[in-house]
Amino acid sequence: QVRLVESGGGSVQAGGSLRLSCAASVYISGDYCMAWFRQAPGKEREGVANIRSDGSMSYADSVKDRFTISKDNAKNTLYLQMNSLKPEDTAMYYCAAAGGYGPCGTWYAAAFAIWGQGTQVTVSS
C-alpha cells in the first residue's frame, strides 16, 4: 500500500511563495494520476493541479500561472510550487494518487484511492 506524506505548508503574507512536497513510500509504476487538492473551512475539497505519469498537467483556473506541479520520479516525490499567494489560497492541501488517467480528467476526488494527511497553508493579507 502506497503512503503519501505532505510537507512544506506554513504561513506567508500575500504575494509570497511556498513549495509543498508529497513523498510516496514506494515508486508508483504504470499509468497514474497524482494531484493536489485543497479544502478551506466550510468549503468542499477542490482540485488544484494534477499530473499524469506521462507528464501531462492540468490546473484549476484559480491557480493557473501561479502554481506549478511537478514530480521527481527518482525521489518518488510530487511538488506544488505556489507563487503570488492570495488569502483565498488559505486551506489544507492534500496530495492524492489514483491508478489510470481518468481521475486527472474528471478531478473527481472520490476516484483517488490514496491520500496524504494534509498540510496547512495560511496566507495573510
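**Figure 1. Strand 10 meets strand 9.** In this predicted model, Ala97 has Ile114 of strand 10 as its bridge partner. Strand 10 covers residues 114-115 and pairs with strand 9 in the antiparallel sense, with two bridges between them. Sheet strands in general are held to each other by backbone hydrogen bonds, in either a parallel or an antiparallel way.

**Figure 2. Strand 9 and its other partners.** Let's stay with strand 9 and look around. Strand 4 runs antiparallel to strand 9, and eight bridges join the two. One place to find this pairing is Tyr32, whose bridge partner in strand 9 is Gly99. Strand 11 (residues 119-124) also pairs with strand 9, again in the antiparallel sense, over three bridges. Here, look for Met92, which stands opposite Gln120 of strand 11. How much of strand 9 is buried? Seven of its nine residues are, so the strand counts as mostly covered because buried means under 20% relative accessible area.

**Figure 3. An open sheet of four strands.** Now for a separate close-up: four strands line up in the order 1-3-8-7 to make an open sheet with antiparallel pairing. Which strands stand at the edges? They are strand 1 and strand 7 (67-72); each has a single partner strand, so one side of each has no neighbour in the sheet. On average, neighbouring strands of this sheet are turned by 15° against each other, ignoring direction. Inside the sheet, strand 3 (residues 18-24) and strand 8 run antiparallel and are joined by six bridges. To pick out one of the paired positions, find Ala23 and its bridge partner in strand 8, Thr77.

**Figure 4. Glu6, a buried acid without a salt bridge.** Glu6 sits in strand 1 (residues 4-7). What is the nearest side chain of opposite charge to Glu6, and how far away is it? The answer is Arg45, at 7.7 Å. A salt bridge needs the charged atoms within 4 Å, so buried Glu6 ends up with none. The side chain of Glu6 does have backbone company, though. One of its polar atoms lies 2.9 Å from the backbone nitrogen of Gln117, and the side chain also reaches the backbone nitrogen of Gly118 at 2.8 Å. Leaving aside residues up to four places away in sequence, Glu6 touches a set of residues that includes Ser21, Cys22, Trp36, Tyr93 and Cys95.

**Figure 5. Arg38 with two acidic partners.** Arg38 is buried, since its relative accessible area is 6%. One salt bridge ties Arg38 to Glu46, at 2.6 Å from N to O. Glu46 has 34% relative accessibility and so counts as partly exposed. Arg38 also forms a salt bridge with Asp89, where the closest N and O atoms are 2.9 Å apart. This pair links distant parts of the chain, 51 residues apart: Arg38 belongs to strand 4 (residues 32-39), and Asp89 to the loop between strand 8 (77-82) and strand 9 (91-99). Is Asp89 buried or exposed? With a relative accessible area of 1%, Asp89 is buried.

**Figure 6. A salt bridge between Asp61 and Lys64, and a wider network.** The whole structure holds five salt bridges. In one of them, the side chains of Asp61 and Lys64 meet at 3.2 Å, N to O. Asp61 counts as exposed because its relative accessibility is 62%, while Lys64, at 43%, counts as partly exposed. Elsewhere, salt bridges with shared partners join Arg38, Glu46, Arg66 and Asp89 into one network.

Terms used
Residues are numbered from 1 along each chain as its sequence is written. This is a predicted model: local features need pLDDT of at least 70, side-chain atom pairs count only at pLDDT 80 or more; totals for chains, interfaces and linings use all residues. Side-chain values use heavy atoms; hydrogens and water are left out. Buried means under 20% relative accessible area, exposed over 50%, partly exposed in between (1.4 Å probe, protein chains only). Lys and Arg count as positive and Asp and Glu as negative; His and the chain ends are not counted. A polar contact is a pair of N or O atoms within 3.5 Å; within protein, one must be able to donate a hydrogen and the other to accept it, and residues adjacent in sequence count only if both atoms are side-chain atoms. Contact means heavy atoms within 4.5 Å. Two strands pair if DSSP finds at least two bridges between them. Axes are lines fitted to C-alpha atoms, for helices over the stretch in contact, and angles run from 0 to 180 degrees between N-to-C directions.
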